[in-house]
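Visitor: I am in my first year and would like a close look at a single part of this protein. Could you take one strand and its surroundings and walk me through them slowly?

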Amino acid sequence: MALALSASTVKSWFQYRCERKVRYELFTDEELATLPIAVDVREQSWAMLGVDYEERVLRRLNEEVGVLRPLAGEFGLGEADAISFLRGHSRQQFASQLNLRPRSSLRILEGTGVSLKRVFPDLIHREIDVGGRTIFTVIDVKATRRATSFHKTQIAFYVRVLEALLQEIGVSAKVSPTGYVWRIPDRGTADGNEYYREEFGLAPYVRLVDDFCANLLPQIARRIVEPGENAPRRDETFFHLYFKCEQCKFLEHCMAAVSEARPPASRDVSAVAGITHEAKRSLYRLGVRQVGDLAKATGLANVPGIGWSLSRRADLLTTRAQAIIAQQPRRTEEAHTYLMPPRADVMLLLSVDHDPVDDRLAAIGYAHYRFGTLVREVVRVPLTGSNEEEAATIEAVLGQLVSDLVEIDASNQAGAEIHAHIFLYEPSEAVRLQEAVARHLEDPRIRGGLLHLVRLFPPEDVVPEPEFRGAHHLPATAVRTVIEQLYALPTLVSYDLRQVSHALAAVGEIADPYRPEEAFQRPFSSLLSIEVIRGLREGRRNAPGKERVIRDVSARLRTLQHLIAWLFTQNAVSSQPLLRLAKRPFRLHATFDPLNAEDLDLLLACEILESRAGLLEALIELAQPARRRRDSGRAMTGLHIVRHWTERGRRQFIFRVPPENRETDLEPCAFNLILTDDDPDLRLDPTAWPAIACRFEPPRAGFEDRIDQIRISMTEADFLGTTFRTMFDRSLTESVWCLDQAFGDINGPRTAQFLVDLAQARTGT
């Protein structure tokens, strides 16, 4: 079979890094059918959107300056028109869908066994520089908000082909070293014809393309794929299933390897959640190809040469494989989590869906549960990507959340002692909500909500009450993260609410799993798909309407509540508490008045929130178990004191570092380090950090080559202080210490004080 490469396949490699996808795309459609390989030939919303957006942009450009375009019904410019444009004989300065296929072989494909398919870049611009030389610039029109590296490598491939064609037809011209992606403007919408010209240097991406063609493409082309009856009889291509595969036309074919129709032990190792491409390659080299192999791979973490990441996660992955074999949830090695409180009388649940095309919220859901009973539910689905409708959506949903918090605060002021907490399923939902709020800071309704966020997570220098400091401020929990820490489930991925809830329902842990309608089902996520979102916003025939979207969001909120209740139950029946986030009865703080907010209030709130966001991120990292903190590179754990002494007013420590803990991002002279015996009450209390602060000292002469020891110092006053001395005395027998990256904000408090001074000067106080 003849193999041929297209520009979209080059982009595909740098987007997915999937050997199988590239190998299959080297075939023609007819050849794929003879193998046979299942191919999804349905038009995808994202592809249709890209074609429509490109057409609107080109139509506008044609009206403004003129574009040489193919005739209606033709695919690409005719050869005569294309050569005429390249020779400078056409009046238009832009050409669309120019056929760039040279007659001779492409130099970068020589020796690969692969020829070139037809290549049609979106736009090529021809101009004459001041020296009279012709310069061609390659442009790609993309319905995206951000030009990614794989978009740029596609343009780099166009450049290589254009250079070859110009040489072949004898045109003395220069190809611009700058490429362009014309994309959706940051404040624009996908249904318009406006575009932002994002330029970039081509050189690094051309090198990536050259390297791919020289070193990787020949290997991929040699992979044997032999025909069989219902599927290839022999297929040497490497593949891995993960969330990016959702847009791949070969997904159905690959999913057969992890299908529930297969016995659990014989499923491909991709069925184990959390395995990466490189981890799977390492497992394959060890002969671990199926779930059953991984479930029996004890001691995997100690196998030489498997890679740092896989060695750190080996035990967890083995436990997940065992859960798939048993079709039962299993506890992980993590004894507890500090990311979720052990109780919540009031559960405030949020669900956030995002349209990546319009870069706007696609749906927000809010449910208020009090002692397990639904009090109210609010779901809003904006039908457009306009700023106005998104702001109104945020106000409607978050306004109700704030109103409920104010009511709970009033009850607690009266002595009710209600514990309240906010929950989402995915951490990404909180990020999307934060980004949406940031888009509307000029709106007074959103500004008021911003100040309420400060009241949810107040700064220590504004709220002096010690009982409201430290970890007690963690305002929300991403339930998926908690489940991942504590349990290994028989699921393909843990970020799919449907799979997680069905795995628990199958063993009787919850009664009502999430059952999406067929149109809402996705293989790797339960958030709204781009097919549903764009179908709704563009009014496509047979697309789910607004009411069906509302029902789906409501069903997810209901299932989220069941998962939270299950975690509370597991915590109650466990011999050791699983959920250890300390939370007192909820109280708002009245330092700021959201109803009378002025510009300086907003600036102060933004400054404080930025600082508190950094603190919150540090607390979330510090709440992880020692092994997770070590694996993230933000901590050195399992340290043992060799000796200590006093020198120039500082206590010096020599610690022995176990071999498995020596790879870290911490460096000598780093700021904001704390030394603990892994006591969470100190680790998660920012007010205690000054008493346990330390310095990672650079090695002294004679110790530069020692990798098994490090030197830490702290002030003698802190060493003798009650906080550290109590910890030091109780740790003499265990002698296991942790060096962690904490958080410090030098400029934030100064900026906040400056704004306060400005406000006082303005009011004359």
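Guide: Two strands are said to pair if DSSP finds at least two bridges between them, and that is the idea to hold on to while we look at β5 in this model, which is a predicted one. Strand β5 covers residues 134-142, and with strand β7, residues 178-183, it pairs in the parallel sense over four bridges. One place to find this pairing is Lys142, whose bridge partner in β7 is Arg183.

Strand β6, residues 173-175, also pairs with β5 in the parallel sense, here over three bridges. If you look for Phe136 in β5, you will find it standing opposite Val175 in β6.

The pairing with β4 runs in the other sense, since β4 and β5 are antiparallel and are joined by six bridges. Within this pairing, Ile124 has Val138 of β5 as its bridge partner. The two strands form a hairpin with five residues between them, and in this hairpin Gly132 takes a positive phi near 85 degrees.

Now consider how much of β5 is covered, a question for which you need one cut-off: a residue counts as buried when its relative accessible area is under 20%. By that standard nine of the nine residues of β5 are buried. Both faces of the strand are covered, with Thr134, Phe136, Val138, Asp140 and Lys142 buried on one side, and Ile135, Thr137, Ile139 and Val141 buried on the other. Phe136 and Lys142, which we met as partners of Val175 and Arg183, thus belong to one side of the strand, and Val138, the partner of Ile124, is on that side as well.

Before leaving this region, follow the chain back to the loop between β3 (115-116) and β4 (123-128), where Phe120 is found. The structure holds 23 aromatic pairs, and one of them is formed by Phe75 and Phe120, whose rings are edge-to-face, 4.9 Å from centre to centre and with 65 degrees between their planes. This pair links distant parts of the chain, for Phe75 lies in the loop between α4 (45-64) and α5 (79-86), and the two residues are 45 apart. Phe120 counts as buried because its relative accessible area is 10%, whereas Phe75 counts as exposed because its value is 57%.

Conventions
Residues numbered from 1 in each chain as written. Predicted model: local features only at pLDDT ≥ 70, side-chain atom pairs only at ≥ 80, totals over all residues. Heavy atoms only, no water. Phe/Tyr/Trp six-rings, centres within 6.5 Å; stacked < 30°, edge-to-face > 60°. Buried < 20%, exposed > 50% of the residue type's maximum accessible area, 1.4 Å probe, protein only.
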